[in-house]
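Ready to practise reading a protein structure? Work through the exercises below with the model in view, and try each task before you look at its solution.

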Amino acid sequence: MAQPDSKKIFFENLSGAGKAIAVLTSGGDAQGMNAAVRAVVRMGLYVGAKVYFIHEGYQGMVDGGENIREATWESVSSMLQVGGTVIGSARCKEFRTHEGRLKAAHNLVRHGITNLCVIGGDGSLTGANLFREEWSGLLGELVEQGLIEASAVQKYSALHIVGMVGSIDNDFCGTDMTIGTDSALHRIIEVVDAIMTTAQSHQRTFVLEVMGRHCGYLALVSALACGADWVLIPEMPPEDGWEEKMCQKLSANRAGMKRLNIIIVAEGAIDHNNKPITTDYIKNLVVKCLGFDTRVTILGHVQRGGTPSAFDRILASRMGVEAVLALLETTANTPACVVSLYGNQSVRLPLMECVQMTQEVQKAMDEKRFEEAVKLRGRSFENNLKTYKLLAHRKPESELPTSNFNVAVLNVGAPAAGMNAAVRSAVRVGISEGHKMFAVSDGFEGFYKGQIKEFKWADVGGWTGQGGSLLGTKRTLPAKHVDKIAEQMRKHNINALLIIGGFEAFLSLLELLTARGKYDEFCVPMVMVPATVSNNVPGSDLSVGADTALNAITTTCDRIKQSASGTKRRVFIIETMGGYCGYLASVGGLAAGADAAYIYEEPFDIRDLQANVEHLTEKMKTSIQRGLVLRNENCNDNYTTDFIYQLYSEEGRGVFDCRKNVLGHMQQGGAPSPFDRNFGTKISAKAMQWISKKLVEAFRQGRVFANTEDSCCLLGMRRRALVFQPVVQLKEETDFVHRIPKEQWWLKLRPLMKILAKYKTSYDISDAGQLEHVVRNRPKESDASVAM
């Protein structure tokens, strides 16, 4: 819900003075919880509130004493990159009793705490809501027992609760992604990628068990991300006779020259009779029926461990700040809420509405209403399931529709991780729709040279986890060779184009649109899927490849900061890619805990640089030992990385020393992250379905002819939905000189980085989450939300 500009708030007039906020983590731990704790503490202190840690979850609240301690700015330093929860988590039976909650209320009142931020799963949040409902009654009992003064009842009359969902299972309704899910997917995919190399060497079948006792999200999305042959999840028990079908599929894949099979099983997988399906049962089945060398790997608590991903750090930081804002705005009549993510927007939802829907899912599964359970999980889960089925299970030739359309797919611009997943998805969805799929090597350079080849289903097997561009990609634009490209379109009877790439791909579509006036060959449906590490394509908040680059930056920054561990105070100057787009520097800075990030979109001068140096100098004089400054490669012609390094070195002399590092092309390399694999897969599948629809609409008198603006589109993520936008309409939104959109959503995240780095700054809350209600069926466009 858009708010007027007057809702831009400042440190001076957003006050938490006189308020006390406590933060606790409860239930199972999840990577990213520490980032959320850090954000709550620092935002709370920023607005003038007192902030307390409650160690060991509800147990610490019941026991009191040293478990409830006041937090300082420095007490959350160096915890952003740490997995688990440093303030501890415990399951507390005592808090489930009335006496336990009475003790907890007494301990909170003793510290003047009436604002509680709870990070945990649905059980933890339900307990918090019950505590809130009983609060006034508990205070009355404490007065009767003489443990608190009667005046305290009035002073601490209401307990305000805000929840953040920390759970690797992503089993909480109302949010696209819970804190920890993306990191758990990273652990799973790292293991699967490693196992695939050994499986291929020995022609083995591997059965992998992943967490998810009641929710199959991790199993489903990891299967989608690695192209698994079979997946078993609690929400979709296989039909009777599934064993034979699975063995046929494994056998057919081996016959197609595939040297390995991967089967992913959620720990809570069941059949239609609610009987558990175990990894050993599947292993014995494969050995008995096919004789394949089969191994079982149970990932277990590996999935909970390790450092949080860039996505989880950003999500947790945003949610932590949002939680403090929600607590400041709450009244006695405001229901307890959870802050969550929908698309790339923060939302606030009534806590108990989310809990009740989450419980409905389990009830539907218990009553064998599995289709309903899938729908209740949300459109993101449902869409993941549909996409997996579409890409993993090939229909027999006799069941495929025959469209007689030829569709070409090509990569344009610099390589980006996730491009191969997008190509695989396009080819397989196209074949499922009855089209002939043609792959073009080396972008438009290969196009005009005739490097065009028909691709079959098996030709893209194993592509999902491959980095770079297996098709090859060039920055060549089509305008100079438009006649030869038209000739190749004619020669291969190409009826539609799918272009996967960055800003060059956008420019290419505009050139092909112009060429329609001269060449009828380009009067066909054309669509672009944004794929670039720079995330600078107009019309889309996110691009395939940007998440992998962010993780590369974040991991490298972690290692660079650690290299200074135990040495004297040190500041690192890091240069990132992105052209003129500051996305990687800004969002990478938020994920890595940077003190400053210099970008082109936010002009700066020598006074700003001096202020940053002085700010770091002050921090270094306390307990902060390491500083991190990111610089976008083209942020300023004169204030180069060398200049900034020399300035910081000179001005910080005697307080800290300096080091610099240019990250370079490592940001483009490596295996794609789970996010990019799934985003590329889903957005490309949606693009192909659009092409199929447009081909039917444009087919007249034995030929395809499409020359309207809406037949040449870019498919992009806009706030909460995937939207097809005519490229001609995006021209006004584009700064062609600097190759960036004129407006960029992530600029609103920059104040968060500054606040968390202890700068006094303005923070626009016009985009802050407003209390909404849980919606059972979201608008259809949001199927492939930014969350996986």
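**Exercise 1.** In this predicted model, decide whether Lys375 counts as buried, partly exposed or exposed, and then find its salt-bridge partner.

*Solution.*
- Step 1: Take the relative accessibility of Lys375, which is 44%.
- Step 2: Compare this with the cut-offs: buried is under 20%, exposed is over 50%, and partly exposed lies in between.
- Step 3: Lys375 therefore counts as partly exposed.
- Step 4: Its partner is Glu382, with 3.8 Å between the closest N and O atoms.
- Step 5: Glu382 has a relative accessibility of 12%, so this residue counts as buried.

**Exercise 2.** Which parts of the chain does the salt bridge between Arg739 and Glu504 link?

*Solution.*
- Step 1: Check the contact: the closest N and O atoms of Arg739 and Glu504 are 2.7 Å apart.
- Step 2: Locate both ends. Arg739 sits in the loop between strand S26 (734-735) and strand S27 (740-741), and Glu504 belongs to helix H17 (residues 503-515).
- Step 3: The two are 235 residues apart, so the pair links distant parts of the chain.
- Step 4: Add the surroundings: Arg739 is partly exposed at 31%, whereas Glu504 is buried at 8%.

**Exercise 3.** How many salt bridges does a search of the whole structure find, and what does the one between Lys758 and Glu74 tie together?

*Solution.*
- Step 1: The search finds 37 salt bridges.
- Step 2: In one of them, the side chains of Lys758 and Glu74 meet at 3.7 Å, N to O.
- Step 3: Lys758 is in the loop between helix H24 (750-756) and strand S28 (763-764), while Glu74 is in the loop between S4 and H3, so the pair ties together parts that are 684 residues apart in sequence.
- Step 4: Lys758 is partly exposed, at 35%, and Glu74 is also partly exposed, at 28%.

**Exercise 4.** Explain why strand S2 (residues 20-25) is described as largely enclosed.

*Solution.*
- Step 1: Look at one side of S2, where Ala20, Ala22 and Leu24 are all buried.
- Step 2: Turn to the other side: Ile21, Val23 and Thr25 are buried too.
- Step 3: Six of the six residues are buried, so S2 is largely enclosed by the rest of the structure.
- Step 4: Now find its neighbour: four bridges join S2 to strand S3 (residues 50-54), and the two strands run parallel.
- Step 5: For Ala22, the bridge partner in S3 is Tyr52.

Key:
Residues are numbered from 1 along each chain as its sequence is written. This is a predicted model: local features need pLDDT of at least 70, side-chain atom pairs count only at pLDDT 80 or more; totals for chains, interfaces and linings use all residues. Side-chain values use heavy atoms; hydrogens and water are left out. Buried means under 20% relative accessible area, exposed over 50%, partly exposed in between (1.4 Å probe, protein chains only). Two strands pair if DSSP finds at least two bridges between them. A salt bridge is a side-chain nitrogen of Lys or Arg within 4 Å of a carboxyl oxygen of Asp or Glu.
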